[in-house]
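Colleague: I have some questions about cavities and backbone angles. Could we go through them together?

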Amino acid sequence: MSNQENCVPVTRLSQKRAALSMVTPEPATKKRVVLGEISNNSNVFENEDLLCREFEVPKCSKKRKRVVNEDVCEKADDPQMCCAYVSDIYEYLHQMEMETKRRPMPDYIEKVQKDVTSNMRGILVDWLVEVSMEYKLLPETLYLAVSYIDRYLSVNVLSRQRLQLLGVSSFLIASKYEEIKPKNVADFCDITDNTYTQQHVLKMEADLLKTLKFEMGNPTVKTFLGKFIRAVQENHDVPKLKFEFLANYLAELSLLDYGCIEFVPSLVAASVTFLARFTFRPNVHPWSLALQKCSGYKSKDLKECVLLLHGLQTGRRGGSLMAVRDKYKKHKFKCVSTMSPYSEVSDSFFNDV
């Protein structure tokens, strides 16, 4: 695996891009982002003791029958939406997200780690968001990298000095999996200001792959979010583009919080959709029968996750982690992180619709 960082298949498109890059030079590299030694002094999350709960299995780990309404979730006249197969595809993804081998322990900080805390994890993920922006990586790459980090830390004790090394090695593997033109080892060493050598990164990459048992294709929040967004947009009750950006903003905030690990990705995606609708129309019930059929979740199933996400949105949780907030302050994302969320979500919204 250590010699595969440059093994990118040569296609006509890649040859064309290579020819164009010789004519139009790439812009100068931005100033490197360096994480440095991760400290546990900053109070990233309030009430960290609330996170120290002992869960033996992930939330919603029991199998449930999900009824998918293809007419709501996908456009029947669009062959690229796989209308004929969408029910089977998402049922398979739901089964995959609950497999133990693809899930991190929801309490690994308390039960496995001795030197790494939830605050340090939040700082690391916040830095990875900056790295993904600097290197223009796909959102799917970021989500996968974070999932690799959590799965690794669930079974391996790690010192805080090596946490950033785990982060860049996870990004290296995720970029190989998702990107058309992945970054190489030298790029990820450079982003740490060469704190680690290429040999360090390659050794951690091999150790990480061994831990993952080469099971790298697990579904993430991003996998399910697009489907739920399309279901909402069929109703024409929210501005499409701005709603999509807001949902993606809330989903990326969920990556920062160790407390979100206990929920399976589809439940987090459904909770993100619930909270995004509430942000736009706080006086209207955010959930609907169509979304319930599309996601397989009732509004009461989402309560705990929605309230956690709402704490992130309002800044009551992870308020000092700014990379995601700064990212979505930009005009190209419709400045959705500057939207003023309501201070409370009514309990009545968690009753069945």
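Modeller: Gladly! One cut-off first: a residue is called exposed when its relative accessible area is over 50%. Please also keep in mind that this is a predicted model.

Colleague: Then let's use that cut-off: is Lys-136 buried or exposed?

Modeller: Lys-136 sits in the loop between helix H5 (118-134) and H6. Its relative accessibility is 64%. Exposed means over 50%, so Lys-136 counts as exposed.

Colleague: Thanks! And what is phi of Asn-194 near?

Modeller: Most residues other than glycine have a negative phi. Lys-136 has a positive value, near 55°. Asn-194, in the loop between helix H8 (185-190) and helix H9 (198-212), is also a residue other than glycine with a positive phi, and the value is near 60°.

Colleague: Now to the empty space: what volume does the largest cavity have?

Modeller: Rolling a probe the size of a water molecule over the atoms shows where empty space is left. Here there are two cavities of 30 Å³ or more. For the largest cavity, the volume is about 330 Å³.

Colleague: Which helix gives the most to the lining of the largest cavity?

Modeller: The lining has 24 residues, with Arg-103, Ser-147, Asp-150, Val-221 and Pro-265 nearest the centre of the cavity. At least two lining residues come from each of helix H3 (86-97), helix H6 (139-153), helix H11 (240-256) and helix H12 (265-280). The most, five residues, come from H6.

Colleague: How many residues of that lining are charged?

Modeller: The lining of the largest cavity includes 13 nonpolar residues and four polar ones. The charged residues number seven.

Note on methods. Residues are numbered from 1 along each chain as its sequence is written. This is a predicted model: local features need pLDDT of at least 70, side-chain atom pairs count only at pLDDT 80 or more; totals for chains, interfaces and linings use all residues. Side-chain values use heavy atoms; hydrogens and water are left out. On a 1 Å grid over the protein atoms alone, a cavity is a set of points where a 1.4 Å probe fits but cannot get out, and a pocket is an open set with protein on both sides within 12 Å along at least five of seven lines; lining residues have an atom within 4 Å of a point. Grid points are joined across faces, edges and corners, and a volume is the space filled by probe spheres set on the points. Helices (H or I, at least four residues) and strands (E, at least two) are DSSP runs, numbered from the N terminus. Ala, Val, Leu, Ile, Met, Phe, Trp, Tyr, Cys and Pro count as nonpolar, Asp, Glu, Lys and Arg as charged, and the others, Gly among them, as polar. Buried means under 20% relative accessible area, exposed over 50%, partly exposed in between (1.4 Å probe, protein chains only).
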